[in-house]
Amino acid sequence: MRLDEVELRRIALPFVTPFRTSFGTIVERDILVVHVRSAAAEGWGECVALGEPVYSAEWVGGAHEVLRRFLVPALLAAPDVCADDVAGRLAFVRGHQMAKAALEMAVVDAELRSAGQSLASRLGGARSRVEVGVSVGIAASIAELVATVAGYVDAGYGRVKLKIGPGWDIEPVAAVRAHVGADVMLTVDANCAYTGEDIEHLVRLDEHALALIEQPFGADDLASHVALAAVTRTPVCLDESIESLRDAAGAIDMGACSVVSIKPGRVGGYLEARRIHDLCMARDVAVWCGGMFETGIGRAANLALASLPGFTLPGDISASDRYYRTDITEPFVLQDGHITVPTGPGIGVEPRLDVLDRVTTSIERLRRR
Ligand code: OSB
Ligand code: MG
C-alpha cells in the first residue's frame, strides 16, 4: 500500500490509582497514538514509551520527535509499503524500538484490515482467550499491599506480579504469599534495581515459591543474571535486557534467563516479537507478554500475540479497569482470569473517536508530498 497520511496524536489518560515502581511513580499516561491512512485502509498503532526515560532510554517526547523527523517521512517517501518491509525501511535509524514498533503496528493493522485478517491469525495465534495477570506497584505499607493484592485475587486474577526494590522485597513477598496461599501464581519485578552484590539476599526469595524473578539487575548486566540463575531455584526472567531477537538468543546462550518477557514495543514491533517467541519455543524457554500500561489499542494487539502457543505464562495484560476509568476502545474485561482475544480484522478493535478527542492534547498530520 502507499501511505497518504500519518497522524501523530498525543493523549493524556489518568490512572485509576498511581503506580509506583523502583523507577518512580506514574499518575497519568502521556501516550502517542499513530494513525496511518492509505487509499485502501487505515490502521492504528500505540507507542508504549513512558512520559520519562526511566524504564528505558526511550520516552514519549523522543519517540514523537524521531517519528516526526525521520521514521514517518521515510515511509511516506516510499512508493509502496508493506508490513514485512517496515523494519527494514526504518533500520537506518539506530534504536528507538518503541517509536518504530508503533509505526509498524499501524501499518500491520491497516494491511490486515484491508485483507480482512485478524492480527492473532496473522501471528499464528492458537487460543481464543488468554490467561492474564496483574502487576502491582510498591505500596505505602505491607497491609496496604496485601489488601490491594486480595482485591485483584477476588476479581479473578490467578497471577500477581509484585514490584520490588531494595528495602521492599522479602517481607512484602512473604506477607502476600501468606495471605494468598499456595495456589496464586506470584512473580516479582525489580526493574534493574539490584546489583550483583545482592545475589545472596535475592536467593532468600526462593522460599516463597515464586514463578519467576524479573530483571533484578541492570539491562546491560547479563553477567549478574547468569550468576543469580546459577544459585537460585526461582526462574530468572529478562525484560529490559531484551531489545531484539539477537539479544534473546545471546541471553539464552549465556544462561542469563530461563524465561523471557516479550514486550512488542521494546523489541521494535509485533513481527520481531513473534520471532523471539519462535526462538524461545525452540529453545524451551517460556515466554509471556509484558505490558506498558497500554490503552485498548495496544492491549488488543498484546492479546493477539499472547494467543501464540509459546506464551505459557500469563501476561501483564490486565482488564482495562485496572488502569483507566475510560479506555479509548471498548473496555477489555476479565472473565474467570482470562481475556478474550479480538477476532476482527487487524487489531480487532475500533478507537472510540469521541473519547479519543476528549483526551487528546495535540495532533499533527504528516502527508505524502
Ligand atoms: O517492568 O514490566 C515492567 C509498566 C511500565 C513499564 C515497565 C513495566 C510495567 C509493568 C506494568 O510492570 C505492566 C502492565 O500492567 O501494563
Ligand atoms: Mg518488567
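A salt bridge here is a side-chain nitrogen of Lys or Arg within 4 Å of a carboxyl oxygen of Asp or Glu. With that rule, a search of the whole structure finds 28 salt bridges. The model is a predicted one, so local features need pLDDT of at least 70 and side-chain atom pairs count only at pLDDT 80 or more, while totals for chains, interfaces and linings use all residues. Residues are numbered from 1 along each chain as its sequence is written, chains are lettered from A and ligands numbered from 1 in the order in which they are written, and side-chain values use heavy atoms, with hydrogens and water left out.

**View 1. The magnesium ion (ligand 2) and its donors D189, E214 and D239.** Welcome to the metal site. D189 (OD), E214 (OE) and D239 (OD) coordinate the ion at 2.0 to 2.3 Å. Donors are N, O and S atoms within 2.8 Å of the metal (3.2 Å for Na, K and Ca); water is not among the atoms, so sites may look incomplete. Along the chain, the donors follow the spacing D-x24-E-x24-D. E214 belongs to strand β8 (residues 212–214) and D239 to the loop between β9 (236–238) and α9 (245–254), so this pair ties together parts that are 25 residues apart in sequence. Helices (H or I, at least four residues) and strands (E, at least two) are DSSP runs, numbered from the N terminus. E214 is buried, at a relative accessible area of 0%, and D239 is buried with a value of 0%. Buried means under 20% relative accessible area, exposed over 50%, and partly exposed in between (1.4 Å probe, protein chains only).

**View 2. Aromatic rings around F293 and Y323.** Rings of Phe, Tyr and Trp (its six-membered ring) pair if their centres lie within 6.5 Å; planes under 30 degrees apart count as stacked, over 60 as edge-to-face and the rest as tilted. By this rule the structure has seven aromatic pairs. In one of them, F293 and Y323 meet edge-to-face, 6.3 Å centre to centre with 70° between the planes. F293 sits in the loop between β11 (286–289) and α11 (296–306), and Y323 in the loop between α11 and β12 (338–340), so the pair ties together parts that are 30 residues apart in sequence. Both F293 and Y323 are buried. Look around them, too: ring pairs link F15, F19, F293, Y323 and Y324 into a cluster.

**View 3. Arginines over rings: R159 with W288, and R322 with Y323.** A charge sits over a ring if NZ of Lys or CZ of Arg is within 6 Å of the ring centre and within 35 degrees of the ring normal. The charged end of R159 sits over the ring of W288, 5.5 Å from the ring centre. Y323, already met in the cluster, has the charged end of R322 over its ring, 5.3 Å from the centre.

**View 4. Strands β1, β2 and β3.** Two strands pair if DSSP finds at least two bridges between them. Strand β1 (residues 3–21) and strand β2 (residues 24–38) are antiparallel, with 14 bridges, and they form a hairpin with two residues between them. Here L13 stands opposite R29 in β2. β2 is also joined to strand β3 (residues 42–47) by six bridges, again antiparallel, and a hairpin of three residues connects β2 to β3. V36 stands opposite G43 in β3.

**View 5. Helix α3 and a salt bridge within it.** Helix α3 (residues 97–115) has 19 residues and should span 27 Å at 1.5 Å a residue; its end C-alpha atoms are 26 Å apart, which agrees. The expected span of a helix is 1.5 Å times one less than its number of residues. Of the 19 residues of α3, 15 are buried, so the helix is largely enclosed by the rest of the structure. R113 and D109 lie in α3, four residues apart, about one turn of the helix, and they form a salt bridge with the closest N and O atoms 2.9 Å apart. D109 is buried, at 1% relative accessibility. Just after α3, G116 takes a positive phi of about 75°.

**View 6. R68 and its salt-bridge partners E65 and E364.** R68 and E65 meet at 2.4 Å, N to O. They are three residues apart in helix α1 (residues 60–76), separated by about one helical turn. R68 is partly exposed at 29%, and E65 is partly exposed at 32%. R68 also forms a salt bridge with E364, the closest N and O atoms being 2.8 Å apart. That pair links distant parts of the chain, with E364 in strand β13 (residues 360–367) and R68 in helix α1, 296 residues apart. E364 is buried, at 18%.
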